[in-house]
Amino acid sequence: VASSRENASQSGSHGVQLCDICLVVRPVRTKHCLDCNRCVRRYDHHCPWIANCVGERNHRYYVGFLLVEAVLVCWALKITALAIVQKPTWSQ
């Protein structure tokens, strides 16, 4: 659903859209991120973990980041489970 702000930013018969905030010509499927204060093509969301917007140019890197994080969580769970099962004593 397009907001009234986006509808008001259309100008001319060519369908050119201007961003109300940064006043640049917006390509199709572009949204303005209020956290980064810039327009992002194919905007997905603003990720606080990477302190950047996830969009057209960095979506695959974000998915890679999530996969690496999932592997690290599994590795940490494995180490924790082994430590609980083995119950090391400090007197050894």
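Strands, in the sense used here, are runs of at least two residues that DSSP assigns as E, and they are numbered from the N terminus. With that term in hand, the predicted model shown above can be read from one end to the other. The chain contains 2 helices and 7 strands, and from the N terminus on, these elements follow the order α-β-β-β-β-β-β-β-α. Of the 92 residues in the chain, 15% are buried.

A good place to begin is the pair formed by β4 and β5. Strand β4, which covers residues 30-33, is joined to β5 by 4 bridges, and the two strands run antiparallel. Going along β4, one finds that Lys31 has Val40 of β5 as its bridge partner, while Cys33 stands opposite Arg38, again in β5. The hairpin made by these strands has 4 residues between them, and in this hairpin Asn37 takes a positive phi near 60°.

That sign deserves attention, for most residues other than glycine have a negative phi. Besides Asn37, the model has further residues with a positive value, and their positions can be followed along the chain. Arg29, which is not a glycine, has a positive phi of about 60°; Arg29 is placed in the loop between β3 (25-26) and β4. With a relative accessible area of 60%, Arg29 is exposed, because a value over 50% counts as such. Ala51 has a positive phi as well, near 50°, and lies in the loop between β6 and β7. Ala51 also counts as exposed, at 60% relative accessibility.

The largest pocket, with a volume of about 270 Å³, brings several of these strands back into view. Both β5 (38-41) and β7 (52-54) supply at least two residues each to the lining of this pocket, and β5 gives the most, with 4 residues. Among the lining residues are Arg38 and Val40, together with Pro27, Thr30, Asn52 and Glu56. When the lining is sorted by class, it has 4 nonpolar, 4 polar and 4 charged residues.

Cys39 is also part of the lining of the largest pocket, and this residue leads to a question about sulfur atoms. Why is Cys22 not bonded to Cys39? The sulfur of Cys39 is the closest cysteine sulfur to that of Cys22, but the distance is 3.3 Å, which is too far for a bond because a disulfide requires the two sulfur atoms to be within 2.5 Å. In keeping with this, a search of the whole structure finds 0 disulfides. Cys22 itself has a relative accessible area of 29%, so it is partly exposed, a class that lies between the 20% and 50% limits.

Beyond β5, the chain enters the loop between β5 and β6 (45-47), where Arg42 is found. Arg42 counts as partly exposed, with a relative accessibility of 43%. Although Arg42 and His59 are 17 residues apart along the chain, their C-alpha atoms are separated by 9.4 Å.

His59 is where helix α2 begins, since this helix comprises residues 59-86. Helix α2 has 28 residues and reaches 41 Å from its first C-alpha to its last, a span close to the 40 Å expected at 1.5 Å a residue. Just after α2 comes Lys87, which takes a positive phi of about 45°.

Key
Residues are numbered from 1 along each chain as its sequence is written. This is a predicted model: local features need pLDDT of at least 70, side-chain atom pairs count only at pLDDT 80 or more; totals for chains, interfaces and linings use all residues. Side-chain values use heavy atoms; hydrogens and water are left out. On a 1 Å grid over the protein atoms alone, a cavity is a set of points where a 1.4 Å probe fits but cannot get out, and a pocket is an open set with protein on both sides within 12 Å along at least five of seven lines; lining residues have an atom within 4 Å of a point. Grid points are joined across faces, edges and corners, and a volume is the space filled by probe spheres set on the points. Ala, Val, Leu, Ile, Met, Phe, Trp, Tyr, Cys and Pro count as nonpolar, Asp, Glu, Lys and Arg as charged, and the others, Gly among them, as polar. Two strands pair if DSSP finds at least two bridges between them. Buried means under 20% relative accessible area, exposed over 50%, partly exposed in between (1.4 Å probe, protein chains only). The expected span of a helix is 1.5 Å times one less than its number of residues.
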